[in-house]
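Here is a brief report on the model shown below. It covers sheets, a helix pair and one chosen residue.

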Amino acid sequence: MIGIAALWISVLLLGGGLALDRVLSAAITRNFDDGLNYVLTAMIASAEIGPDGEVLFNRPLADQRFLEPNSGLYYQISAKGHEDWRSRSLWDRALKVLPEHEDRGFHVYDSKQFPGEDLRIMERTIVLPGSRTRWLFMVAAARAGLDDQIRALRSTLTQSFALLALGLIVLTTLQTLYGLRPLRRVRREIVHMRTGDKNRVTEPMPAEVLPMVEELNALLAHNERQAEEARTHAGNLAHALKTPLTVIMNAATAQADDLGETVIREATTMRRQVDHHLARARAVGRRGAAQSRAEVWASLQAVERAVQRLYPEARIDMDGDKGAAVRVERQDLDEMLGNLVENAAKYGGGSVFATVSRAGDMVEIMVEDDGAGIPKEERTRIFDRGVRLDSGKPGTGLGLAIVRDVAEIYGGTVAMEESEDLGGLLVRLRLPAV
């Protein structure tokens, strides 16, 4: 930032300085030329033709430098067929006249015809009264004074603009360092968190940095929640596997006759527990993905086809918003809807009805059946892992637990009610809308 600012300041000041130099140098040169124009006009006004046909002045010129040799101010009047009339300041030198040269207006130019002395010359061709001769009036002045003024001007401009550039760059540097100081404070706070002294950025920050600090603290809290969830899942999985392993160990130690059946039964339970916790782990890992998106209707259609093959006698109907989408990975949405629709087809009376609708910033999916329903006092407990109200049908009691856990991971909810239309159970699943 400092380097770019310094470069830009230098470019702008250089461009501005060059433009100002051209304007002021032109003004000084124009003022110098005005002086030559004044002298040349005075020469023309004082000139007349003498008795011998030569030009002369009817009054002397006021500037005494014309009388001093090599004074730096000269005049010369020339005409074809006539001898040049020169000022005494020219002494033994003469101003060069281009052949067949004629200037009807004032003409000014620079010349190096005198060694070591640059000249600024103004000339004009005049026909004086009483003569048909075209006289070339010339006045020349040494450029030394003009060049000294321009050099003094450029020196002043260079020093002033260099000082201005230095001041602006120093100001930009101080402003940048001061403006970025809160970021260094944030870095120090992060160092304290890394070393274990703190777990949040607690130092007061300016308003410009505060949103970043709040997001950083939110990210830390999110990571802590994920770590705590991971520890909880690991503990739950270990606890869930401990009982089946104990049963298997006891049966093996006692060399029980039904050892094979016991191993198969407990291994099935263990596999279901592992699948459940893996589903939760996958959902937790995908939760932070900003691109998570799933079309509800497409997922419902896929689930309906799968469940219809398992329970061909069940009738599954769907209705509602076909364009609804949720911020959930498709695999997780399929798993939740699959558990709900399969339960409705398995435990219901043969009719399943799924409805999709928008409710504010949530998408609501209702799955109803015409079964016996679930008593109010059991509707909360049924979501616990391993709880089954109907042990006469195959299952592990983990389906609704997976639905609840995955829905909560994505910021959704699941609840049970009584279906007014079908008379059985209504499960209301709410998930964040895209």
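## The antiparallel sheet

An open sheet is built from 5 strands, ordered S4-S3-S7-S6-S5, with antiparallel pairing. Strand S4 (85-86) and strand S5 (107-114) are the edge strands, and each pairs on one side only. The model is predicted.

Further in, strand S3 (residues 73-78) pairs with strand S7 (residues 134-142). The sense is antiparallel, and 6 bridges hold the register. Gln76 stands opposite Met138 of S7.

## Asp110 on the edge strand

Strand S5 contains Asp110. Is Asp110 buried or exposed? Its relative accessible area is 44%, which makes Asp110 partly exposed, since that class lies between 20% and 50%.

Neighbours within four places in sequence aside, Asp110 is in contact with Leu119, Arg120 and Arg143. Ser292 is another matter. Asp110 and Ser292 are 182 residues apart in sequence, and their C-alpha atoms are 79 Å apart in space.

## The mixed sheet

A second group of 5 strands also forms an open sheet. Its order is S9-S11-S12-S14-S13, and its pairing is mixed. Strand S9 (315-320) and strand S13 (413-418) stand at the edges with a single partner strand each, so one side of each has no neighbour in the sheet. On average, neighbouring strands here are turned by 20° against each other, direction ignored.

S9 runs parallel to strand S11 (residues 351-359), and 6 bridges join the two. Within that pair, Met318 has Ala354 in S11 as its bridge partner.

## Helix H5 against the sheet and H6

Helix H5 lies across S9, S11 and strand S12 (362-369). Its direction is at about 175° to S9.

H5 also packs against another helix. Two numbers describe such a pair: the angle between the axes and the distance between them. Helix H5 (residues 296-310) and helix H6 (residues 330-347) pack at about 45°, with axes 9 Å apart. That angle makes H5 oblique to H6. The crossing is right-handed.

Which residues of H5 and H6 meet? From H5 come Val296, Ala298, Ser299, Leu300, Ala302, Val303, Val307 and Leu310. From H6 come Arg330, Leu333, Asp334, Leu337, Gly338, Val341, Glu342 and Ala345. Sorted by class, this contact has 11 nonpolar, 2 polar and 3 charged residues.

Notes:
Residues are numbered from 1 along each chain as its sequence is written. This is a predicted model: local features need pLDDT of at least 70, side-chain atom pairs count only at pLDDT 80 or more; totals for chains, interfaces and linings use all residues. Side-chain values use heavy atoms; hydrogens and water are left out. Axes are lines fitted to C-alpha atoms, for helices over the stretch in contact, and angles run from 0 to 180 degrees between N-to-C directions. Helices (H or I, at least four residues) and strands (E, at least two) are DSSP runs, numbered from the N terminus. Angles under 35 degrees count as roughly parallel, over 145 as roughly antiparallel, 65 to 115 as roughly perpendicular and the rest as oblique. A crossing is left-handed if the near helix is turned anticlockwise from the far one by less than a right angle, and right-handed if clockwise. Contact means heavy atoms within 4.5 Å. Ala, Val, Leu, Ile, Met, Phe, Trp, Tyr, Cys and Pro count as nonpolar, Asp, Glu, Lys and Arg as charged, and the others, Gly among them, as polar. Two strands pair if DSSP finds at least two bridges between them. Buried means under 20% relative accessible area, exposed over 50%, partly exposed in between (1.4 Å probe, protein chains only).
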